[in-house]
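Me: Hi! Could you walk me through this one before I set anything up?

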Amino acid sequence: MHINATLINLYHVCKRECWLHANGITMEHTSDTVYDGKLLHEISYPGRAQKHTEITLSATYNKIELYGKIDFYDAFHKVIHETKRGNKVEAAHHWQVKFYLWLLQLNGIEDAYAILEYPLLRQTEKVELQPEDVLHLEKSVVEISKLKEQENCPSVINAKICKSCSYYELCYISEE
C-alpha cells in the first residue's frame with residue numbers, strides 16, 4: 001500500500017474523504033475550489049520554478065510505502081515551499097509538510113524546514129519537524145493503512161468544512 005502526502009492531509013481533515021480517496025474514489029476533478037487552488041499555485045510565485053526544483057521522494061515505514069512529490073524545494077537552503085489557498089484546515093497543511101520533512105529525513109536529508117504560504121491571506125508560516133511529530137506520523141500512516149483496508153466507508157463528519165469539499169454531494173446524497 002502507498003501512502004502519500006494527500007492522504008496524510010485528508011486523514012487530518014476527514015477520515016471519510018481519506019478512505020474514499022485511498023480507495024480510488026476521487027472528486028477533485030469536479031471541484032472549482034481545487035481548480036482555484038491549482039491556479040493560485042501556478043501564478044502566485046511565477047519565478048519559483050526557475051529557482052527551485054520538484055522532487056519525488058519515497059521510503060518504507062513498517063512495510064508501508066510512503067510517497068511524496070514536493071513541487072518547490074530549495075535544495076541549497078533545505079526549504080520546502082508549499083502554497084495553499086486558505087487556512088481553514090491549517091492543521092492538515094502542517095501535517096502534509098511535516099510528512100514531506102519526514103520523507104526528507106528518511107532519505108538522509110536533515111535540518112530541512114517548510115514554509116507554508118497563503119498568498120491570498122498574505123501570510124507565511126515556518127514549519128519544522130519535531131521528534132514527537134515523527135511519532136505522530138508513524139502512527140498516522142499505520143492508521144491510514146488500516147483505514148484503507150476497512151470494508152465500509154467511515155460516516156460523514158457533519159462539519160462546517162464539508163460544504164466546500166469536493167465530496168460534498170457524494171457524502172450528503174439522500175435516498176428518498
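Reply: Happy to; we can start with the overall fold and then go through some helices, the core and a few loop residues.

Me: Great. Where does the model come from, and how many helices and strands does the protein chain have?

Reply: The model is predicted. The protein chain has seven helices and six strands, and along the sequence they follow the pattern β-α-α-α-α-β-β-β-α-β-β-α-α.

Me: What share of the residues in the protein chain is buried?

Reply: Buried residues account for 40% of the 176 residues. The accessible surface of the protein chain is about 10,400 Å², and 49% of that belongs to carbon and sulfur atoms.

Me: And the contacts, what share of them join residues at least 24 apart?

Reply: Counting contacts between residues at least 6 apart in sequence, 69% join residues at least 24 apart.

Me: OK, on to the core. Which residues touch the most other members of the largest nonpolar core?

Reply: Phe99 and Leu104, in a core of 39 residues. Helices H1 (5-11), H2 (15-22), H5 and H6 each supply at least two residues of this core, as do strands S2 (53-61), S3 (64-74) and S5 (113-118). H5 gives the most, with eight residues.

Me: What does leucine 104 touch?

Reply: Leaving out residues up to four places away in sequence, leucine 104 touches Ile55, Leu57, Ile70, Tyr73, Ile80, Ile109 and Ala112.

Me: Now the helix pair. How do H5 and H6 cross?

Reply: The axes of H5 (residues 90-106) and H6 (residues 131-149) come within 10 Å and cross at roughly 100 degrees. That angle makes H5 roughly perpendicular to H6.

Me: Which residues make that contact?

Reply: From H5 there are Trp95, Lys98, Phe99, Trp102 and Gln105, and from H6 there are Asp133, Val134, His136, Leu137, Glu138 and Val141. By type, the contact between H5 and H6 has six nonpolar, two polar and three charged residues.

Me: Why would residues three or four places apart on one helix point the same way?

Reply: Because an α-helix has 3.6 residues a turn, residues three or four places apart point the same way.

Me: Makes sense. Is leucine 137 buried or exposed?

Reply: Leucine 137, which is found in helix H6, is buried, with a relative accessible area of 0%. Apart from neighbours within four places in sequence, leucine 137 is in contact with Ile8, Trp95, Lys98, Phe99, Trp102 and Leu129. Leucine 137 and tryptophan 95 are 42 residues apart in sequence, with 8.0 Å between their C-alpha atoms.

Me: Back on H5, what about histidine 94: buried or exposed?

Reply: Histidine 94 lies in helix H5 and counts as buried because its relative accessible area is 17%, where the cut-off is under 20%. Not counting residues up to four places away in sequence, histidine 94 touches Leu116, Glu125 and Val127.

Me: Switching to H2, how many of its residues are buried?

Reply: Seven of the eight residues of H2 are buried, so H2 is largely enclosed by the rest of the structure. The buried ones are Arg16, Glu17, Cys18, Trp19, Leu20, His21 and Ala22. Their cover includes H1, H6 and helix H7 (168-171).

Me: What comes just after H2?

Reply: H2 is followed by glycine 24, with a positive phi near 85 degrees. Asparagine 23 lies in the loop between H2 and helix H3 (32-43) and is partly exposed at 32% relative accessible area. Asparagine 23 and glutamate 149 are 126 residues apart in sequence and 8.6 Å apart in space, C-alpha to C-alpha.

Me: I'd like to check the backbone angles too. What is phi for lysine 78, and what is it for aspartate 111?

Reply: For lysine 78, phi is near 60 degrees, a positive value in a residue other than glycine. Lysine 78 sits in the loop between S3 and strand S4 (79-83) and counts as partly exposed at 31% relative accessibility. For aspartate 111, phi is near 65 degrees, again positive in a residue other than glycine. Aspartate 111 lies in the loop between H5 and S5 and counts as exposed at 70% relative accessibility.

Me: Perfect, thanks!

Methods. Residues numbered from 1 in each chain as written. Predicted model: local features only at pLDDT ≥ 70, side-chain atom pairs only at ≥ 80, totals over all residues. Heavy atoms only, no water. Axes fitted to C-alpha atoms, helices over the stretch in contact; angles between N-to-C directions. Helix = DSSP H or I, 4+ residues; strand = E, 2+ residues; numbered from the N terminus. Parallel < 35°, antiparallel > 145°, perpendicular 65-115°, else oblique. Contact = heavy atoms within 4.5 Å. Nonpolar A, V, L, I, M, F, W, Y, C, P; charged D, E, K, R; others polar. Core = buried A, V, L, I, M, F, W, Y, C linked by side-chain atoms within 4.5 Å. Buried < 20%, exposed > 50% of the residue type's maximum accessible area, 1.4 Å probe, protein only. Areas by Shrake-Rupley, 256 points an atom, 1.4 Å probe, with all protein chains shown as cover.
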